[in-house]
Amino acid sequence: MNTEQAISVESLSKDFLSRGNRLPVLNQIDFHAEHGEFVTIVGPSGCGKSTLMNIMAGLETQSSGDVLLQGEVSDNRLGRVGYMHQKDLLLPWRSVIDNAVLGLEVLGSGGARAKEKAQHLMDLFGLAGFENEYPHALSGGMRQRAAFLRTVLTDQDVFLLDEPFGSLDALSRSKMQEWLLSLWESMNKTIVLVTHDVDEAIFLSDRVYVMSPRPGCMRLVESVDLPRPRRFEMITSSDFVALKKRLLDSIREEAISK
């Protein structure tokens with residue numbers, strides 16, 4: 001048992017049935033994120049990244065292999081990790097603060113105390129003054145921060161983020177990346193991110209995994225040795241560019257071989 005690993009998967013595979021035929025989606029995945037790490041998974045569309053996240057979150061079950069939380073095999077993971085999808089999934093009829101406490105309500109911890117906890121974090125998430133606004137009045141970045149606040153309020157040790165900034169424009173995305181890094185550094189939590197953006201993966205992460213096309217497997221893992229705190233000027237550094245080339249070469253090589 002490795003107690004340093006906040007979440008890990010071992011020899012994990014997933015098959016779906018399509019018109020009576022077995023469709024392999026994930027093949028013998030090995031992956032881990034240690035306590036306090038920021039780890040990113042990149043790969044081509046359709047390689048099974050979101051399926052892997054759904055399995056780690058407990059929304060789907062694997063065909064074989066194990067998922068471990070805190071070093072122990074966990075077959076009942078639903079509600080034990082925070083999970084944020086690409087779409088913010090804010091309910092349009094609920095205010096920002098009511099959306100923020102939704103996860104706590106699902107866990108049976110709603111009410112005035114939950115709103116007090118949310119209110120305490122509004123300034124940190126850049127939402128102070130917008131507590132009683134509805135989602136339609138928020139910018140894309142604010143909606144994503146509200147969705148992440150909802151995730152953070154569940155107070156799990158591990159957060160899974162599936163393309164959280166994919167729908168944002170380039171400027172908003174870069175600002176959200178810097179904000180997320182600052183928040184992560186203050187929270188001491190483990191974050192697992194899925195993205196198509198290799199620059200984003202390198203800028204944010206301690207380690208980056210590259211998945212192959214379906215059936216997805218972990219083709220490559222690279223440590224990111226850039227110093228923290230990270231600054232956007234780093235994306236033109238020789239170390240950044242060299243790592244980006246290795247990651248892109250791995251993605252392209254596998255895609256061409258298929």
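The legends below describe close-up views of a predicted model.

**View 1. The largest pocket and its lining.** The largest pocket of the model has a volume of about 530 Å³. Its lining consists of 20 residues, and Val81, Tyr83, Gly103, Arg150 and Thr154 lie nearest the centre. At least two lining residues come from each of β6 (82–84), α3 (102–106) and α5 (140–152). Sorted by class, the lining of this pocket has 10 nonpolar, seven polar and three charged residues.

**View 2. Helix α5 and its surroundings.** Of the 13 residues of α5, 11 are buried, and the helix is mostly covered. The buried set is Gly141, Met142, Gln144, Arg145, Ala146, Ala147, Phe148, Leu149, Arg150, Thr151 and Val152. These buried residues pack against the helices α2 (96–100), α3, α4 (112–121) and α6, and against the strands β6 and β7 (158–162). The end C-alpha atoms of α5 are 18 Å apart, which agrees with the 18 Å that 13 residues should span at 1.5 Å a residue. Arg150 of this helix is also among the residues nearest the centre of the largest pocket.

**View 3. The largest nonpolar core.** This core has 50 residues, and those with the most contacts inside it are Phe125, Leu127, Phe148, Leu149, Leu161, Leu180 and Ile202. Helix α6 (residues 170–187) gives the most to the core, namely seven residues. A second, separate core has 28 residues, including Val9, Leu26, Ile55 and Val194. In soluble globular proteins, nonpolar side chains tend to be buried together.

**View 4. Leucine 180 and the largest cavity.** Beyond residues up to four places away in sequence, leucine 180 touches Phe38, Phe148, Leu161, Phe165, Ile191 and Leu204. Leu180 also lines the largest cavity, together with Met84, Phe148, Leu161, Pro164, Phe165 and Trp179. The volume of this cavity is about 30 Å³, and the structure holds one cavity of 30 Å³ or more. The cavity lining has seven nonpolar residues, with no polar and no charged ones.

**View 5. Helix α1 and the glycine after it.** Helix α1 (residues 49–57) is mostly covered, with eight of its nine residues buried. Buried here are Lys49, Thr51, Leu52, Met53, Asn54, Ile55, Met56 and Ala57. Ile55 also belongs to the second core. Glycine 58, just after α1, has a positive phi of about 90°.

**View 6. Two cis peptide bonds.** The bond from arginine 214 to proline 215 is cis, with omega near 0°. Proline 215 sits in the loop between β9 (207–211) and β10 (218–223) and is partly exposed, at a relative accessible area of 28%. Leaving out residues up to four places away in sequence, proline 215 touches Pro24, Val25, Leu26 and Asn27. The bond from arginine 228 to proline 229 is also cis, with omega near 5°, and proline 229 is found in the loop between β10 and α8 (238–257).

**View 7. Two positive phi values outside glycine.** Most residues other than glycine have a negative phi, and most peptide bonds are trans. Aspartate 155 has a positive phi, near 60°, and lies in the loop between α5 and β7. Aspartate 155 is partly exposed, with a relative accessible area of 48%. Asparagine 188 likewise has a positive phi, of about 55°, and lies in the loop between α6 and β8 (190–194). Asparagine 188 is exposed because its relative accessible area is 64%, and exposed means over 50%.

Methods. Residues are numbered from 1 along each chain as its sequence is written. This is a predicted model: local features need pLDDT of at least 70, side-chain atom pairs count only at pLDDT 80 or more; totals for chains, interfaces and linings use all residues. Side-chain values use heavy atoms; hydrogens and water are left out. On a 1 Å grid over the protein atoms alone, a cavity is a set of points where a 1.4 Å probe fits but cannot get out, and a pocket is an open set with protein on both sides within 12 Å along at least five of seven lines; lining residues have an atom within 4 Å of a point. Grid points are joined across faces, edges and corners, and a volume is the space filled by probe spheres set on the points. Helices (H or I, at least four residues) and strands (E, at least two) are DSSP runs, numbered from the N terminus. Ala, Val, Leu, Ile, Met, Phe, Trp, Tyr, Cys and Pro count as nonpolar, Asp, Glu, Lys and Arg as charged, and the others, Gly among them, as polar. A nonpolar core is a set of buried Ala, Val, Leu, Ile, Met, Phe, Trp, Tyr and Cys residues joined through side-chain atoms within 4.5 Å. Buried means under 20% relative accessible area, exposed over 50%, partly exposed in between (1.4 Å probe, protein chains only). Contact means heavy atoms within 4.5 Å. The expected span of a helix is 1.5 Å times one less than its number of residues.
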